[in-house]
Amino acid sequence: MKSTFHELELGKAVLQNSTDIGNEQLIVTLQPDSKAPVQIQIRQNTEGSSSTSSSIGISPHGLQQLVHWLREEGAIS
């Protein structure tokens, strides 16, 4: 699997994994307003089928709680 990361524009970044059967993208969009939710979109595209996409928004406070929980679980340092 080959992974790439690049910034599309200010406040928007893409992490992409390419596999033998297609690719996956995680797109994160930060808004200039510090109270606006962070938008996270996941796209999957496999050979021979149409792409699928799902997205969520998370408040800055929710994101802080998520990072805190991930640290407690040892998923990030």
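This section describes the fold of the chain, its sheet and helix, and the surroundings of two residues, in a predicted model.

The chain contains one helix and five strands. Read from the N terminus, these elements follow the order β-β-β-β-β-α. The radius of gyration is 14 Å, whereas the globule rule gives 11 Å for 77 residues; the computed value is well over that figure, so the chain is more spread out than a compact globule. The C-alpha trace spans about 40 × 30 × 20 Å along its principal axes. Buried residues make up 14% of the 77 residues, burial being set at under 20% relative accessible area. Of the contacts between residues at least 6 apart in sequence, 9% link residues that are at least 24 apart.

The five strands make up an open sheet with antiparallel pairing, and their order in the sheet is S1-S2-S3-S4-S5. The edges are formed by strand S1 (2-9) and strand S5 (52-58); each has a single partner strand, and therefore one side of each has no neighbour in the sheet. From one strand to the next, the twist averages 15 degrees.

The pairings can be followed across the sheet from S1. Seven bridges hold S1 and S2 in antiparallel register, and Ser-3 has Asn-17 in S2 as its bridge partner. The hairpin of these two strands has two residues between them, and Gly-11 there adopts a positive phi near 85 degrees. The next pair consists of strand S2 (residues 12-19) and strand S3 (residues 22-29), which are antiparallel and share eight bridges. The connection from S2 to S3 is again a hairpin, passing through two residues. Within this pair, Ala-13 is bridged to Val-28 in S3, and Leu-15 is bridged to Leu-26 in S3.

On its other pairing, S3 is joined by eight bridges to strand S4 (residues 38-46), and the two run antiparallel. Here Glu-24 is placed opposite Gln-44 in S4. The last pairing in the sheet is that of S4 with S5, which run antiparallel and are joined by seven bridges. Ile-40 has Ile-56 in S5 as its bridge partner.

Gln-25 serves as an example of a residue within the sheet; its position is in strand S3. Its side chain forms a polar contact with the side chain of Gln-16, at 2.8 Å. When residues up to four places away in sequence are not counted, the residues touched by Gln-25 are Val-14, Leu-15, Gln-16, Gln-41, Ile-42 and Arg-43. Of these, Val-14, Leu-15 and Gln-16 fall within strand S2 (residues 12-19), and Gln-41, Ile-42 and Arg-43 fall within strand S4 (residues 38-46). In general, side chains in a regular strand alternate between the two faces of the sheet.

The helix, H1 (residues 60-72), has 13 residues. At 1.5 Å a residue it should span 18 Å; the end C-alpha atoms are 19 Å apart, which agrees with the expected span. After H1 comes Gly-74, with a positive phi near 80 degrees.

Pro-60 is part of helix H1. Its relative accessibility is 29%, so Pro-60 counts as partly exposed, a class lying between the limits of 20% and 50%. With neighbours within four places in sequence left aside, the contacts of Pro-60 are Ser-34, Lys-35, Ala-36 and Pro-37. Ser-34 is separated from Pro-60 by 26 residues in sequence, while the C-alpha to C-alpha distance between the two is 7.3 Å.

How values were computed: Residues numbered from 1 in each chain as written. Predicted model: local features only at pLDDT ≥ 70, side-chain atom pairs only at ≥ 80, totals over all residues. Heavy atoms only, no water. Pairing = 2+ DSSP bridges. Helix = DSSP H or I, 4+ residues; strand = E, 2+ residues; numbered from the N terminus. Axes fitted to C-alpha atoms, helices over the stretch in contact; angles between N-to-C directions. Expected span 1.5 Å × (residues − 1). Buried < 20%, exposed > 50% of the residue type's maximum accessible area, 1.4 Å probe, protein only. Contact = heavy atoms within 4.5 Å. Polar contact = N/O pair within 3.5 Å; in protein donor to acceptor, adjacent residues only side chain to side chain. Rg over C-alpha atoms; globule rule 2.2 N^0.38 Å.
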